[in-house]
Amino acid sequence: MLDALYTDTKTHMEKCVESLKDQLSSLRTGKASPRMLDRIMVEAYGSRMPLNQVATIGTPEARLLTVTPFDKGQISAIEKAIMISDLGITPTSDGTVIRLPIPPLNEERRKEYVKQARKQGEDAKVSIRGVRRDANEQLKKAKGDSDITEDDLKRGTDQVQKLTDEWVKTVDQVLEAKEAEIMEV
């Protein structure tokens with residue numbers, strides 16, 4: 001019973017960190033990354049669709065993204081979606097390909113992105129602590145149902161705390177790496 005609880009707890013905490021990594025990958029760092037465009041939704045064919053479902057996104061250079069629509073008639077809709085996004089990038093088009101030059105970030109913008117990354121990191125830590133709380137509640141319930149002993153409860157809460165500390169440390173490492181990437185000139 002305890003092994004299954006530890007496995008579930010570890011899996012949930014790991015998912016919290018993976019979610020953080022996914023969120024941070026779409027944060028702009030001054031380098032071109034197709035993930036920057038993941039949140040952009042395009043009005044296409046009567047509905048809102050993710051950009052990567054209506055176009056191919058490429059990175060031919062370190063500071064350039066290219067967007068090649070599957071249907072050339074969607075170019076204006078894609079340009080509009082990029083313009084109204086919070087990326088701060090002005091698209092240029094030659095009628096077949098949209099180019100997105102990624103300007104270097106200024107110091108103020110870098111600090112803003114670091115602040116945003118830290119907030120996402122804190123949200124991940126809160127999620128991890130929520131997983132810890134749930135695991136501890138399961139342990140207390142098992143103790144109340146006489147499924148485990150008092151010693152098992154103590155060992156279990158200690159083990160869950162160790163897992164929590166490990167995953168919070170992992171979040172800190174992920175954040176540190178992302179901050180260094182953002183602040184890199």
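Me: A residue counts as exposed when its relative accessible area is over 50%, and as buried when that area is under 20%. With that in hand, why is Tyr 45 called exposed in this predicted model?

Reply: Tyr 45 has a relative accessible area of 56%. The cut-off for exposed is over 50%, so Tyr 45 is exposed. Tyr 45 sits in the loop between strand 1 and strand 2.

Me: What makes the phi of Tyr 45 worth a remark?

Reply: Its sign. Most residues other than glycine have a negative phi. Tyr 45 is not a glycine, yet its phi is positive, near 55 degrees. Tyr 45 belongs to the turn of a hairpin, in which 2 residues lie between strand 1 and strand 2.

Me: How do you know that strand 1 and strand 2 pair?

Reply: Pairing needs at least two bridges between the strands. Strand 1 and strand 2, the latter covering residues 47-50, share 4 bridges, so they count as paired, in the antiparallel sense. Within this hairpin, Glu 43 stands opposite Arg 48 of strand 2.

Me: Which residues of strand 1 are on its covered face, and which on its uncovered face?

Reply: Val 42 and Ala 44 form the covered face, while Met 41 and Glu 43 form the uncovered one. As a general rule, side chains in a regular strand alternate between the two faces of the sheet.

Me: Where else does a residue other than glycine have a positive phi, and why is Ser 146 called exposed?

Reply: Ser 146 has a positive phi of about 60 degrees without being a glycine. Its place is the loop between helix 3 and helix 4. The relative accessible area of Ser 146 is 64%; the limit is over 50%, so Ser 146 is exposed.

Me: Now for charged residues: why is Lys 125 called buried?

Reply: Lys 125 has 13% relative accessibility. Buried means under 20%, so Lys 125 counts as buried. Lys 125 is part of helix 3, residues 107-144, and touches Val 168, Val 171 and Asp 172, leaving aside residues up to four places away in sequence. From C-alpha to C-alpha, Lys 125 and Val 168 are 6.0 Å apart in space, although 43 residues separate them in sequence.

Me: And what makes Glu 179 buried?

Reply: The relative accessibility of Glu 179 is 18%. That is under the 20% limit, so Glu 179 counts as buried. Glu 179 lies in helix 4, residues 150-183. Its contacts, not counting residues up to four places away in sequence, are Val 114 and Arg 118.

Me: Why are helix 1 and helix 4 called roughly parallel?

Reply: Helix 1, residues 2-25, packs against helix 4 at an angle of about 15 degrees, with the axes 10 Å apart. Angles under 35 degrees count as roughly parallel, so that term applies to this pair. Helix 1 passes helix 4 in a right-handed crossing.

Me: How do you know whether helix 1 is roughly parallel or antiparallel to helix 3?

Reply: Their axes cross at roughly 170 degrees and come within 10 Å. An angle over 145 counts as roughly antiparallel, so helix 1 is roughly antiparallel to helix 3. Residues making the contact include Leu 5, Met 13 and Leu 20 of helix 1, and Ala 117, Ala 124 and Val 131 of helix 3. This crossing is right-handed too.

Me: What makes strand 3 and strand 5 edge strands?

Reply: Each pairs on one side only. They belong to an open sheet of 4 strands with the order 3-4-6-5 and antiparallel pairing. Inside that order, strand 4 and strand 6 are joined by 4 bridges, and the pairing limit is at least two, so strand 4 and strand 6 count as paired. Leu 64 stands opposite Pro 101 in strand 6. Helix 2 lies across strands 3, 4, 5 and 6, running at about 20 degrees to strand 6.

Me: Which residues of the largest nonpolar core touch the most other members?

Reply: That core has 21 residues, and Leu 37, Ile 40, Val 42, Leu 51, Val 67, Ile 78 and Leu 100 touch the most other members. Strand 1, strand 4, helix 2 and strand 6 each supply at least two residues. Helix 2 gives the most, with 4 residues. Apart from this core lies another, of 20 residues, among them Met 13, Tyr 113, Ala 124 and Leu 175.

Methods:
Residues are numbered from 1 along each chain as its sequence is written. This is a predicted model: local features need pLDDT of at least 70, side-chain atom pairs count only at pLDDT 80 or more; totals for chains, interfaces and linings use all residues. Side-chain values use heavy atoms; hydrogens and water are left out. A nonpolar core is a set of buried Ala, Val, Leu, Ile, Met, Phe, Trp, Tyr and Cys residues joined through side-chain atoms within 4.5 Å. Buried means under 20% relative accessible area, exposed over 50%, partly exposed in between (1.4 Å probe, protein chains only). Contact means heavy atoms within 4.5 Å. Axes are lines fitted to C-alpha atoms, for helices over the stretch in contact, and angles run from 0 to 180 degrees between N-to-C directions. Angles under 35 degrees count as roughly parallel, over 145 as roughly antiparallel, 65 to 115 as roughly perpendicular and the rest as oblique. A crossing is left-handed if the near helix is turned anticlockwise from the far one by less than a right angle, and right-handed if clockwise.
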